[in-house]
Amino acid sequence: MTDVDSLPAQYVTSGGARVYTLPVRAFPNFRANAYLLVRGDPHAPAYAALVDTGGSGPDNLGDLQAGLEIVRAGYGEAVSLDTLNRIVITHPHPDHLGGLSALREHTDAPVAAFHSAVPFIEQPGAIRAAWLTLPDAQAVWLGLLPGSELDDRIRRRGSNLSVPRALPVATPLRDGEVLDDLLHVIHTPGHEGNQICLRVDDVLLSADHLLPLNSPPLMPARFLPGSGVAAFLHSLDRVEALDGVTLALGGHDGPMRDPRARIHALRARTHEKLDDLLAACTHSMTVHDLLLALHPRLRPSQAVLLLDQTAALTEYLTATGALRESTREDGAALFTRA
């Protein structure tokens, strides 16, 4: 017998497709969601797709396999890794893409990803060429203390890989396309420039664009194309304009049963953060100064994400004329209220 409490959440779309949440330990102490999408007779599905693959952590593949086993036992879906018809990557971050390498030993299902994400999957070192501002120059612009732990982490991150080895992408996707006559592709940059959401009837697989508990991490567009507050807010507008979406399922945590309310909350929280940063800028300050002013009890585990966020907020306020940017003698950017 399968314990009902252990069953992955199932959602049936208005068109009859079944969507299952497969929580995985993408990395030790860090969870993410993969999604199984099935249509047709459960005993002989016409189509089965896995949306995102989790990370490269030691438990990730086992969690995916266990989730599929529970779907088979609890819901009667005749699916397994070797019967998948498709794998879709919503964006090339390690907690969504990193599990693909291990999966390749168990399935030949063709991979689909947004066209501009393809180099990050087929050429894992491509991230180094994607930075608009190289990591060494990022550290200087941010005003980091040379030799500090944060300075070292920023300088090293250009060599981080999302996937351990090069893997082929069979289907490059573009905004507005419909994949496999089922998955409507919506380009939603901001959190990541190549990110897509996938609409299936009245359900939106929202990747890290809409999350139920937190705002998605952002970095400035001056670091990576398609990142930043302006892109994120524009993508919120695009998703809000979708008619008939009644449920959003994000890359982490639980379902969002009122997607528009969540969009409104995310937009409001972003503007609250912008207001807080503007209030914190009491004199000529670097991004690092602003980080410490906004987060005086900063934990090391949060430091890089919050530094990126502070830079993204500062970039947006500068672009809108609320802040003015100048350059210190050592190359650090200085910001003052306009």
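**Exercise 1. Find which residues are linked with Arg 25 in a network of salt bridges.**

Solution. In this predicted model, the network of salt bridges that holds Arg 25 also includes Asp 59 and Asp 63. As a setting for this network, a search of the whole structure finds 16 salt bridges.

**Exercise 2. Decide whether Asp 180 and Arg 86, which meet in a salt bridge, are buried, partly exposed or exposed.**

Solution. Begin with the contact itself, in which the side chains of Asp 180 and Arg 86 meet with a distance of 3.0 Å from N to O; this satisfies the cut-off, since a salt bridge requires the nitrogen to be within 4 Å of the carboxyl oxygen. Next, place the two partners along the chain: Asp 180 is in the loop between E8 and E9, while Arg 86 is in strand E5 (residues 86-89), and the pair, 94 residues apart, links distant parts of the chain. Finally, apply the limits for burial, by which buried means under 20% relative accessible area and exposed means over 50%, with partly exposed in between. Asp 180 counts as partly exposed because its relative accessibility is 23%, and Arg 86 counts as buried because its value is 8%.

**Exercise 3. Work out which parts of the structure are tied together by the salt bridge between Asp 308 and Arg 157.**

Solution. The side chains of Asp 308 and Arg 157 meet in a salt bridge with an N to O distance of 2.7 Å. Asp 308 lies in helix H11 (residues 303-319) and Arg 157 in the loop between helix H7 (149-156) and strand E7 (171-173), so the bridge ties together parts that are 151 residues apart in sequence. As for their surroundings, both Asp 308 and Arg 157 are buried.

A second example is the salt bridge of Glu 240 with Arg 267, whose closest N and O atoms are 2.8 Å apart. Here Glu 240 lies in helix H8 (residues 229-240) and Arg 267 in helix H9 (residues 259-280), so this pair ties together parts 27 residues apart in sequence.

**Exercise 4. Describe the cluster of rings that contains Trp 141.**

Solution. A search of the whole structure finds 3 aromatic pairs. One of them joins Trp 141 and Phe 223, with 5.9 Å from centre to centre and 80° between the planes; the arrangement is edge-to-face, because planes over 60 degrees apart are given that name. Trp 141 is in helix H6 (residues 135-142) and Phe 223 in the loop between strand E11 (203-207) and H8, 82 residues apart. Trp 141 counts as buried because its relative accessibility is 7%, and Phe 223 counts as buried because its value is 0%.

Trp 141 also forms an edge-to-face pair with Phe 335, with 6.0 Å between the centres and 85° between the planes. Since Trp 141 lies in helix H6 and Phe 335 in strand E15 (residues 333-337), this pair ties together parts that are 194 residues apart in sequence. Phe 335 is buried, as Trp 141 is. Taken together, the ring pairs link Trp 141, Phe 223 and Phe 335 into a cluster, and Arg 222 lies over the face of Trp 141, at 4.1 Å from the ring centre.

**Exercise 5. Give the order of the strands in the open sheet, and name the edge strands.**

Solution. The 6 strands of this open sheet follow the order E8-E9-E10-E11-E12-E13, and their pairing is mixed. Strand E8 (178-179) and strand E13 (255-256) are the edge strands, each of which pairs on one side only. Within the sheet, strand E9 (residues 183-187) and strand E10 (residues 196-200) are antiparallel and pair over 4 bridges, and His 187 has Ile 196 in E10 as its bridge partner.

Definitions and conventions:
Residues numbered from 1 in each chain as written. Predicted model: local features only at pLDDT ≥ 70, side-chain atom pairs only at ≥ 80, totals over all residues. Heavy atoms only, no water. Pairing = 2+ DSSP bridges. Helix = DSSP H or I, 4+ residues; strand = E, 2+ residues; numbered from the N terminus. Buried < 20%, exposed > 50% of the residue type's maximum accessible area, 1.4 Å probe, protein only. Phe/Tyr/Trp six-rings, centres within 6.5 Å; stacked < 30°, edge-to-face > 60°. Lys NZ or Arg CZ within 6 Å of the ring centre and 35° of its normal.
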